[in-house]
Amino acid sequence: MKTNFSNLLVALLALVMCAACCDTPSGENYRFKDGMIVFDEPQRAAGQESMLGFAAEPIPVVRVGFVGLGMRGPGAVSRFTHLEGVEIKGLCDLEQHNVSKCQSMLERASMPKADEYVGEEAYKELCQRDDVDLIYIATDWLNHTPIALYAMEHGKHVAIEVPAAVSVEECWQLVDTSERTRRHCMMLENCVYDFFELTCLNMAQHGLFGEILHAEGAYIHNLSDYWNDYHGNWRLDFNQKHRGDVYATHGFGPVCQALNIHRGNRLTYLVCMDTKSVNGLEIAKAKMGVEEFANGDHTTTLLKTEQGQTIEIQHNVYTPRPYNRLYQLTGTKGFANKYPIQGFTFVPGQLPSEVLKGATVEAQKIDLSKVDPASVPEATLNPHNFVTPEVKRAVMEAYKHDIHREIEEKAKQVGGHGGMDFVMDYRLVYCLQNGLPLDQDVYDAAEWSCIGELSATSAKHNSMPVAVPDFTRGEWNKLQGLKFHTK
Ligand SMILES: NC(=O)c1ccc[n+]([C@@H]2O[C@H](COP(=O)([O-])OP(=O)(O)OC[C@H]3O[C@@H](n4cnc5c(N)ncnc54)[C@H](O)[C@@H]3O)[C@@H](O)[C@H]2O)c1
């Protein structure tokens with residue numbers, strides 16, 4: 001009888017232990033809790049402080065080293081030749097010819113030659129220099145975080161191409177290293193500086209859309225013309241191995257800004273569903289001789305925020321479709337849409353009368369000097385249609401962001417995706433020169449980059465909800481709204 005009882009106890013204990021260990025799938029850094037997947041969130045180490053609102057000492061002349069000079073990197077080098085108060089100290093790549101190409105850009109711009117670093121670990125020597133302030137990283141995705149960590153450990157600020165990190169663990173590494181070393185870690189999310197997005201952000205901050213309830217973003221870009229051009233086939237190789245939205249930040253960053261993520265709001269959880277891979281698999285079969293491809297042709301992720309909003313983001317780089325980042329804001333009083341048609345919808349009374357009058361004057365070719373402005377009829381707004389082209393133009397002009405007022409003309413001359421890339425570099429350098437907080441902080445980099453692994457994990461578990469880590473560790477409500485700092 002006694003033996004039976006102890007056997008029962010042992011069996012019960014085994015059951016309880018099994019239930020506990022089943023909560024944490026073996027080898028994973030997440031567990032199942034209350035119907036949700038929850039990733040491990042490391043504690044902040046003693047002596048480490050938040051980077052919210054962080055400003056470094058002003059750097060009047062920003063000395064920069066570039067790492068990764070393939071298709072994207074040289075554009076950044078070229079743009080930096082148009083910025084005041086910068087010195088390009090180092091150029092680093094795996095290939096000498098890429099370094100030489102950028103060296104000639106400096107020569108053409110009558111800038112001093114930069115030192116050259118070639119090879120897999122050559123960036124380390126560049127990061128060890130004491131006459132470099134900023135390391136600008138445009139390598140393949142797997143190299144982003146390791147190089148950024150090394151650079152911050154050696155006292156450098158870092159700017160990292162998108163996505164800054166490829167896993168939740170790497171996101172935490174960036175946050176912890178930035179907090180510990182007190183170095184800026186900015187992801188180079190250029191789309192937040194695009195002309196429509198930044199104008200809409202300004203409109204949102206002025207309440208033009210009422211309360212924003214739902215937002216959409218995407219990276220829909222058929223990459224068939226590019227698959228052969230990535231160094232060592234890194235991009236197809238990564239996608240072949242990884243499910244989920246592996247390139248979320250272009251669509252996600254701008255809508256997170258409009259929803260004040262970690263500036264009074266936060267992402268709570270997501271669910272993800274993807275299609276099977278057809279075109280991706282076909283490309284990979286032909287190029288890599290593989291029989292499997294993890295990344296679905298079309299991946300859709302839905303997120304919820306603390307303030308009760310939803311966000312939908314999509315990823316598709318395989319099927320024939322016009323380029324599309326969606327960018328939609330659905331508010332209680334208005335709506336903005338960027339692709340395929342830029343437009344706004346507002347309920348009557350939602351636009352200031354001066355803006356509407358300006359549009360009416362343009363539409364009806366009225367010469368205001370000859371009539372009483374008060375008698376000019378207002379263009380009509382209704383909740384069903386896009387506003388007229390004249391109203392759209394007037395709104396875009398009235399709510400043009402101060403950053404664009406300042407730099408738009410030069411940005412369009414210098415270029416880089418129509419100018420937004422130059423606006424981004426300009427703001428990065430301006431904030432460093434003036435000792436201001438950067439527009440995008442390390443928490444943005446982590447929040448926007450973690451979507452890759454979180455969405456993959458949801459898809460793997462039949463679209464199970466996945467909690468989005470709070471990389472600010474409880475301080476998401478400390479800053480109120482996004483500010484672009486100026487001196
Ligand atoms: N923001 C944007 O609009 C935008 C546009 C295109 C690409 N990107 C990003 O830019 C990055 C680069 O993309 P790409 O299209 O130029 O790829 P690419 O393959 O053309 O270039 C990558 C370069 O990194 C170099 N590299 C790799 N490991 C290195 C190391 N250890 N040290 C030094 N150099 C190293 C390679 O030699 C190669 O020249 C990616 O992160 C991509 O997502 C962003």
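What covers the buried residues of α15? That was my opening entry for this predicted model.

**Helix α15**

I pulled up α15, residues 442-449, and found 8 of its 8 residues buried, so the helix is largely enclosed by the rest of the structure. I listed them by name: Val442, Tyr443, Asp444, Ala445, Ala446, Glu447, Trp448 and Ser449. Then I looked for the cover, which includes the helices α6 (168-181), α9 (249-258) and α16 (451-460). Strands β7 (157-160), β8 (185-187) and β10 (267-274) are also part of that cover.

**Cores**

Next I went to the largest nonpolar core, which has 120 residues. Ile137, Leu174, Ala445 and Ala446 touch the most other members there. Helix α14 (residues 420-433) gives the most to this core, 10 residues. I also noted a second, separate core of 5 residues, with Leu236, Ile283, Phe293 and Ala294 among them.

I checked Leu174 on its own, leaving out residues up to four places away in sequence. Leu174 touches Val442, Ala445 and Ala446, which I had already logged as buried in α15. Its other contacts are Thr145, Ala148, Ala164, Ala165 and Cys185.

**Ligand shell**

Last, I looked around the ligand and got 27 residues. Which of them come nearest? I wrote down Gly68, Gly70, Arg72, Leu94 and His231. The elements giving two or more residues to this shell are β4 (86-93) and α5 (141-153). By type, I sorted the shell into 12 nonpolar, 9 polar and 6 charged residues.

Key:
Residues are numbered from 1 along each chain as its sequence is written. This is a predicted model: local features need pLDDT of at least 70, side-chain atom pairs count only at pLDDT 80 or more; totals for chains, interfaces and linings use all residues. A residue is near a molecule or strand if its C-beta atom, placed from the backbone, lies within 6 Å of it. Helices (H or I, at least four residues) and strands (E, at least two) are DSSP runs, numbered from the N terminus. Ala, Val, Leu, Ile, Met, Phe, Trp, Tyr, Cys and Pro count as nonpolar, Asp, Glu, Lys and Arg as charged, and the others, Gly among them, as polar. A nonpolar core is a set of buried Ala, Val, Leu, Ile, Met, Phe, Trp, Tyr and Cys residues joined through C-beta atoms within 7 Å. A residue is buried if 20 or more other C-beta atoms lie within 10 Å of its own, exposed if 12 or fewer, and partly exposed in between; C-beta atoms are placed from the backbone. Two residues are in contact if their C-beta atoms, placed from the backbone, lie within 7 Å.
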